[in-house]
Amino acid sequence: MSKVAVVTGAAKGIGKSIAEKYSNNDYNVVIVDIDEEAGTELATQLSSNFKAIFVKADVSKYEDLVNVRNVTINEFGKVNALIVNAGISYRHSIEEISVEEWKRVISINLDSTFYTVKAFWEDLKEGGEKSKVVIISSGSGITGTGGGAHYAASKSGQHGLMRAISKELGLNKVNVNAVAPRVIESDLLDQLYPTEESRANLINKIPIGRFGKPEDIANLAYFLSTEAASYVHGQIILADGGRTY
């Protein structure tokens with residue numbers, strides 16, 4: 001019987017690549033995003049492999065994640081891989097960050113992580129060792145750089161939340177880990193580093209000599225949901241081409 005992956009923020013970028021990776025490896029996929037047009041298009045594309053459905057959700061609202069859970073269980077009866085990927089960032093200084101912007105970033109990046117896991121909590125526990133949780137965080141949660149203070153704070157918060165979740169779900173044999181990307185080719189990278197000069201300066205700081213690709217993160221997320229990674233638990237895994245350490 002094929003497995004089921006739920007991916008938030010899956011319509012574009014890293015999330016889209018993650019959804020494609022699971023679909024190409026015998027998973028039914030639930031695509032969760034606020035972008036209905038892109039999400040529906042991806043679901044249609046992936047349905048040529050295994051079943052893929054789109055569920056529109058504002059991840060900053062707990063009730064939307066509960067609906068995602070209900071649709072998933074009604075459609076497939078289980079969740080095997082829960083990939084928490086939805087997030088936003090603004091490259092603003094503390095002086096530039098408004099209270100409203102702070103709340104928005106924390107809500108979409110950090111609150112939604114709790115809401116997503118909370119909504120699927122009982123299903124994950126019941127799935128036991130057949131269920132995996134992968135949180136896509138960021139190296140910014142370690143370095144405090146790359147995005148604004150709100151972004152770094154939200155990603156650091158994800159790390160603490162992941163470790164707390166891993167302590168509890170570990171008792172049910174559920175593996176929980178975080179992938180912390182840095183400098184991945186995406187709309188977000190284009191937003192943060194819009195000029196050729198800024199990108200050239202950035203790539204010089206990466207020992208491996210290239211930006212990461214969404215597929216690099218998708219491959220790692222998928223690995224963490226396989227039995228090959230069953231002894232990897234409660235970890236923050238940097239995927240940054242060696243830039244940080």
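**Close-up 1. Parallel pairing of strands E1 and E2 in the predicted model.** Strand E1, which spans residues 3-8, pairs with strand E2, residues 27-33, in the parallel sense, and six bridges connect the two. One position to inspect in this pairing is valine 6, whose bridge partner in E2 is valine 30. Strand E1 is mostly covered, with five of its six residues buried.

**Close-up 2. The β-α-β unit formed by E1, H1 and E2.** Helix H1, made up of residues 13-23, joins with strands E1 and E2 in a β-α-β unit, and the handedness of this unit is right-handed.

**Close-up 3. Strand E1 beside strand E4.** Strand E1 also runs parallel to strand E4, residues 81-84, to which it is joined by three bridges. Here the residue to follow is alanine 5, for which the bridge partner in E4 is alanine 81.

**Close-up 4. Leucine 82 and the largest nonpolar core.** The largest nonpolar core comprises 33 residues, and Leu82 and Val133 are those with the most contacts inside it. Helix H4, residues 99-119, supplies the largest share of this core, namely five residues. When residues up to four places away in sequence are not counted, leucine 82 touches Val6, Thr116, Val117, Phe120 and Leu124, together with Lys132, Val133 and Val134.

**Close-up 5. A second nonpolar core.** Separate from the largest core is a second one of 29 residues, which includes Ala10, Leu46, Ala52 and Ala239.

Conventions. Residues are numbered from 1 along each chain as its sequence is written. This is a predicted model: local features need pLDDT of at least 70, side-chain atom pairs count only at pLDDT 80 or more; totals for chains, interfaces and linings use all residues. Side-chain values use heavy atoms; hydrogens and water are left out. A nonpolar core is a set of buried Ala, Val, Leu, Ile, Met, Phe, Trp, Tyr and Cys residues joined through side-chain atoms within 4.5 Å. Buried means under 20% relative accessible area, exposed over 50%, partly exposed in between (1.4 Å probe, protein chains only). Helices (H or I, at least four residues) and strands (E, at least two) are DSSP runs, numbered from the N terminus. Contact means heavy atoms within 4.5 Å. Two strands pair if DSSP finds at least two bridges between them. A crossover is right-handed if, with the strands pointing away from the viewer, the path from the first strand over the helix to the second runs clockwise.
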